[in-house]
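This report addresses the fold, the charged pairs and the cysteines of a single chain. The sequence and structure are shown first.

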Amino acid sequence: VILVLFFLLGGPKALWTGLVPRRWRQGLKGFRYVLAGNRAARKGNLVLAGELYMKAADLKRAADAYVRAGRLDRAAEIFEYLGFFREACVLLERCGRWEQAGGLYMRFGDFRRAEQCFEKAGKRLLVADMYLSIGDLPRAGQIFQDLGFTERAIECFVKAGRIDKAIALLS
């Protein structure tokens, strides 16, 4: 009966920690933090619930509690740590951290969304550098040209084989 309650209320992380030899005290402590977090969440103190879930190493519950509490930046950090990049990006966008969201989109390969986020952050140079890093030299050259970085634009156009555009910039 105790083991069933332990599983239902404490989650798999607390259960596993409790079953490992010589770590049963730590598992019991995690179980207590989860119970305290559940109580805090029922009372509406979601930030405290999130902190208690963090102490219990139940990061998914902690992130959900922070989202419900409106602490989107903290929840985004946890989701990023857990590897839920899409959820982290959406939360970063909702709290207006465009540059960080763009960097995260770029990390998992959604370059269109990364460009949109960098544009909203006013970081066009980051957009150009992103295109340069993925090998889209004509697009990077065009952005460098728009920003007034003529030398870098010429370099991109020459590497891309667009000599005509490079010569047009020189004259």
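The account below moves from the overall fold to individual side chains.

**Overall fold**

The model is a predicted one. Its chain contains 12 helices and 0 strands, so the order of elements along the sequence, by the run of helices and strands as assigned, reads α-α-α-α-α-α-α-α-α-α-α-α. Of its 171 residues, 36% count as buried. The accessible surface of the chain amounts to about 10200 Å², and carbon and sulfur atoms account for 56% of that area. Among contacts between residues at least 6 apart in sequence, 15% join residues at least 24 apart.

**Salt bridges**

Across the whole structure, 13 salt bridges are found. Three of them are listed here with their N to O distances.

| Acidic residue | Basic residue | N to O distance |
|---|---|---|
| E80 | R107 | 3.3 Å |
| D110 | R86 | 3.2 Å |
| D129 | R152 | 3.1 Å |

The side chains of E80 and R107 form a salt bridge at 3.3 Å. Because E80 belongs to helix α5 (residues 72–82) and R107 to helix α7 (residues 98–107), this pair ties together parts that are 27 residues apart in sequence. E80 is partly exposed, at 23% relative accessibility, whereas R107 is exposed, with a relative accessible area of 56%.

A salt bridge at 3.2 Å joins the side chains of D110 and R86. This pair links distant parts of the chain, 24 residues apart: D110 sits in the loop between α7 and α8 (111–121), and R86 sits in helix α6 (residues 85–94). D110 counts as buried because its relative accessibility is 16%, under the 20% limit. R86, at 46% relative accessibility, counts as partly exposed.

The side chains of D129 and R152 meet at 3.1 Å. D129 lies in helix α9 (residues 124–134) and R152 in helix α11 (residues 150–160), so the salt bridge ties together parts that are 23 residues apart in sequence. Both partners are partly exposed: D129 has a relative accessible area of 29%, and R152 has one of 32%. Elsewhere, E119, R124 and D146 are joined into one network by salt bridges that share partners.

**The surroundings of E115**

Which residues does E115 contact, leaving aside its neighbours within four places in sequence? They are V127, M130, Y131 and R139. With R139, the side chain of E115 makes a polar contact of 2.6 Å. E115 is located in helix α8. Its relative accessible area is 13%, which means that E115 is buried.

**Cysteines**

How many disulfides does the structure hold? The number is 0. For C117, the nearest cysteine sulfur is that of C89, 7.1 Å away, and C117 is in no disulfide. This follows because a disulfide requires a pair of cysteine sulfur atoms within 2.5 Å. C117 is buried, at 3% relative accessibility, while C95 is partly exposed, with a relative accessible area of 31%.

Note on methods: Residues are numbered from 1 along each chain as its sequence is written. This is a predicted model: local features need pLDDT of at least 70, side-chain atom pairs count only at pLDDT 80 or more; totals for chains, interfaces and linings use all residues. Side-chain values use heavy atoms; hydrogens and water are left out. Buried means under 20% relative accessible area, exposed over 50%, partly exposed in between (1.4 Å probe, protein chains only). A salt bridge is a side-chain nitrogen of Lys or Arg within 4 Å of a carboxyl oxygen of Asp or Glu. Helices (H or I, at least four residues) and strands (E, at least two) are DSSP runs, numbered from the N terminus. Contact means heavy atoms within 4.5 Å. Accessible areas come from the Shrake-Rupley method with a 1.4 Å probe; for residues, only the protein chains shown count as cover. A polar contact is a pair of N or O atoms within 3.5 Å; within protein, one must be able to donate a hydrogen and the other to accept it, and residues adjacent in sequence count only if both atoms are side-chain atoms.
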